[in-house]
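User: I'm new to this structure and would like a close look at a single part of it. Could you walk me through one helix and the loop leading into it?

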Amino acid sequence: MLWRKLLVPLTSLLLLLTASAGTGAAAASTGSPAGASAEAAAADYGAPGPYTTAVEVGVVTTLYYPRDIATSDRRHPVIVWGNGTFAFPVVYRDLLLHWASQGFIVAAANTPQSNLGISMRAGIDLLTRRNADPGSPFHDRVDLEHIGASGHSQGGAAAIVVGADPRIDTILPIQPGPLADIDDVHVPALLLAGQKDSIVFPFLVKTFYNDADHIPAIYGELRGADHLTVVGDPGPFAAPTTAWFKAHLMGDQTARAQFFGAGCGICTDSGTWSDVRRNGLANR
């Protein structure tokens, strides 16, 4: 089966990253250089954002979020995350912290078997309770009206599964496995593939794209990327994923222009993308 092929590489990678991250995965914080502004961060979606970040590891969910959220002057949109087979959030730590530095709250499911999306939905439930709790630093700081779903490999399929939840506003599956039905999704989708992925071949991701003719859907194939490019340093995945969520969850029109309209930025960036396709609902 496809998922068994992931066992050796992802388990080995998990052990490697856990050894290097150590207990820092539970308490590490990152942020943009001193003096960096929100405007500067928005101009380069692959650069660290203006927020210093924090991590909270729970039993079911690990939260990556702006550290000073309790005193923030805004509500922060949510991204729920699903891991690849036999992987945990620490494997994707750099990407999830990057999103948190850009102002998102990331609720990452701790399960290494995320396909059903149960633990991802639990992350939304957790943040709903925290937002309503006057004693929580998240009180009234969570933007529950703007929630996206993402994940890698099996977790990418889970993002599609969770995309049927009416609380979800957009999905961003990264190299998604096959066990999902995109016909159940009714929100915009950015489906990412790796040109050199030999586990989830690009044609498998295109199958989801081809079936997504009822929603605005974009297929993006990252040049030279294999199945594990997104783990550790997310490299070419950081900027487009951040821009997509900024466009759909924060109303960033500069980010939206990367994907939509006649000037579609990714459509002409052949250095980053080996294939970009937009269906009729997205080609506006």
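Analyst: Happy to help; here is a look at N110 and then at α5. This is a predicted model, in which local features need pLDDT of at least 70, side-chain atom pairs count only at pLDDT 80 or more, and totals for chains, interfaces and linings use all residues. Residues are numbered from 1 along each chain as its sequence is written, and side-chain values use heavy atoms, leaving out hydrogens and water.

N110 sits in the loop between β4 (105–109) and α5 (118–132); helices (H or I, at least four residues) and strands (E, at least two) are DSSP runs, numbered from the N terminus. N110 counts as buried because its relative accessibility is 13%; buried means under 20% relative accessible area, exposed over 50%, and partly exposed in between (1.4 Å probe, protein chains only). Beyond its neighbours within four places in sequence, N110 is in contact (heavy atoms within 4.5 Å) with several residues, including G58, V60, N83, F88 and P89. A polar atom of the N110 side chain also lies 3.1 Å from the backbone oxygen of V59.

Now for α5. Its buried residues are S119, M120, G123, I124, L126, L127 and N131. Seen down the axis of α5, these fall within an arc of 165° (taken from the directions from the helix axis to the C-beta atoms), so they line one face of the helix. That buried set packs against β2 (61–66), β3 (76–82), β4, β5 (142–152) and α6 (154–162). On the other side of α5, I118, R129 and A132 are exposed.

Technical notes. Polar contact = N/O pair within 3.5 Å; in protein donor to acceptor, adjacent residues only side chain to side chain.
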